[in-house]
Amino acid sequence: MERRQPFLHRIGEAGAKFGTKPPRSKRVRLAIQLGIAILVFGFLVLTVVDQWAEIKDKGVHFHVLWLIPAFVILPIFYSLNAVGWDLILRFLGYRLGAGRAQVAWGQPLLARYVPGSVLYVLGRVLLSERAGVPRRLTIASIVYEQALQATSAILVAAYFLISHPDLQGQPLRWAVLLLIPLLIALLHPRVFGPLADRVLRAFGREPLPEVMSLRGVITVMGFYTLNWGVIALGIWCVARSVSGISASDILVVGSAQAIGYVAALVTLVAPAGLGIRDAAFAWAVKVATPDNSFAVASLIAIVVRGVLTVVEVIYVGIVTMMGRREGWSIHTGVLHASPEEEEAEEGESSARTRGLRPL
């Protein structure tokens, strides 16, 4: 009789295998993408439609020229995120290189829109492995990346949450200041290493191969904090194309984006935070709109989501071409056929060829 694995170990095994293959059916992928699109815009679009009269009264306008600097600035934000991840790998003892970091971080980016984001992680693991980075170390770097980005986002959003009009009179809003030193303490190697290893052992996984030094944690967190300033400027340009938001509200817009990121990370419900992230951003950015209009903020959130999606597609296209020059790329099953589909199509093609007879 074989000894039955502990329950947590079975969960760990299932989690390690879940999502390692993309949807085989094109119809399934299309259904997922359509469902995600409805999730993204449904709530906000209904708000805009229901309060369109109010939006017109608030002096909403459309200045497309403001989108030009946005399309220049926002790709820089994504490329800097790849640089930040490369920094994490360096502090963990591996040098992926600037170009390959862009490809490994950016090419699977659109796979975040598949529920669970498992394909996104898998894509980065596979591409990094081809560059010589062990899988377990790549996964550790992604864990650090999410934790450091969340900490920097909370740091950016802290003052905004404390001063937000809707939270005045709520003493608990000051608790956000306690999160920053707490998160930094949790990321200290003497705390994070044993804690992570204990959780991994509980799920039957091997311990982390390396941990970041405290100097590395502070350095990367500072880098991500500065990068929030980059996206703040880009998103403000997008918002300016819709409403007359003052330049003094750039930090408000950046903080609103950070709040949306944290909300999406905490909920872990929607792929890439769709819907949840946009609603949280609209709630936060409304303080910069005329009369704190949630309807105008919802319109801004819709335009921001659309622009970010286009920017992501452009960025992914650029890094994919870079990867093909290097001779390494992957198909995530989101924009391209999955390996299973390609094998099926090749089999069907071979069958049709064998069925042809010469005249």
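In this predicted model, Gly317 is a residue of helix α13, which covers residues 294-326. The relative accessibility of Gly317 is 30%, so the residue counts as partly exposed, a class that lies between buried, under 20%, and exposed, over 50%. Along the chain, Gly317 and Gln107 are 210 residues apart, yet the separation of their C-alpha atoms is 7.7 Å.

Helix α4 spans residues 67-91. It comprises 25 residues, and the distance from its first C-alpha to its last is 37 Å. This length is close to the 36 Å expected at 1.5 Å a residue. Just after α4, Gly93 adopts a positive phi of about 105°.

Two packed helices are described by the angle between their axes and the distance between the axes. For α4 and helix α7 (residues 135-163), the angle is about 125° and the axes are 9 Å apart. The arrangement of α4 relative to α7 is therefore oblique, as 125° falls outside the ranges for roughly perpendicular, 65 to 115, and roughly antiparallel, over 145. The crossing of the two helices, α4 and α7, is right-handed.

On the α4 side, the contact is formed by Asn81, Trp85, Ile88 and Leu89. The α7 side contributes Leu137, Thr138, Ser141, Ile142, Tyr144, Glu145, Leu148 and Gln149. Classified by residue type, the contact between α4 and α7 contains 7 nonpolar, 4 polar and 1 charged residues. The charged residue is Glu145 of α7, and the polar residues include Asn81 of α4. An α-helix has 3.6 residues a turn, so residues three or four places apart point the same way.

Note on methods: Residues numbered from 1 in each chain as written. Predicted model: local features only at pLDDT ≥ 70, side-chain atom pairs only at ≥ 80, totals over all residues. Heavy atoms only, no water. Axes fitted to C-alpha atoms, helices over the stretch in contact; angles between N-to-C directions. Helix = DSSP H or I, 4+ residues; strand = E, 2+ residues; numbered from the N terminus. Parallel < 35°, antiparallel > 145°, perpendicular 65-115°, else oblique. Left-handed = near helix turned anticlockwise from the far one by under 90°. Contact = heavy atoms within 4.5 Å. Buried < 20%, exposed > 50% of the residue type's maximum accessible area, 1.4 Å probe, protein only. Expected span 1.5 Å × (residues − 1).
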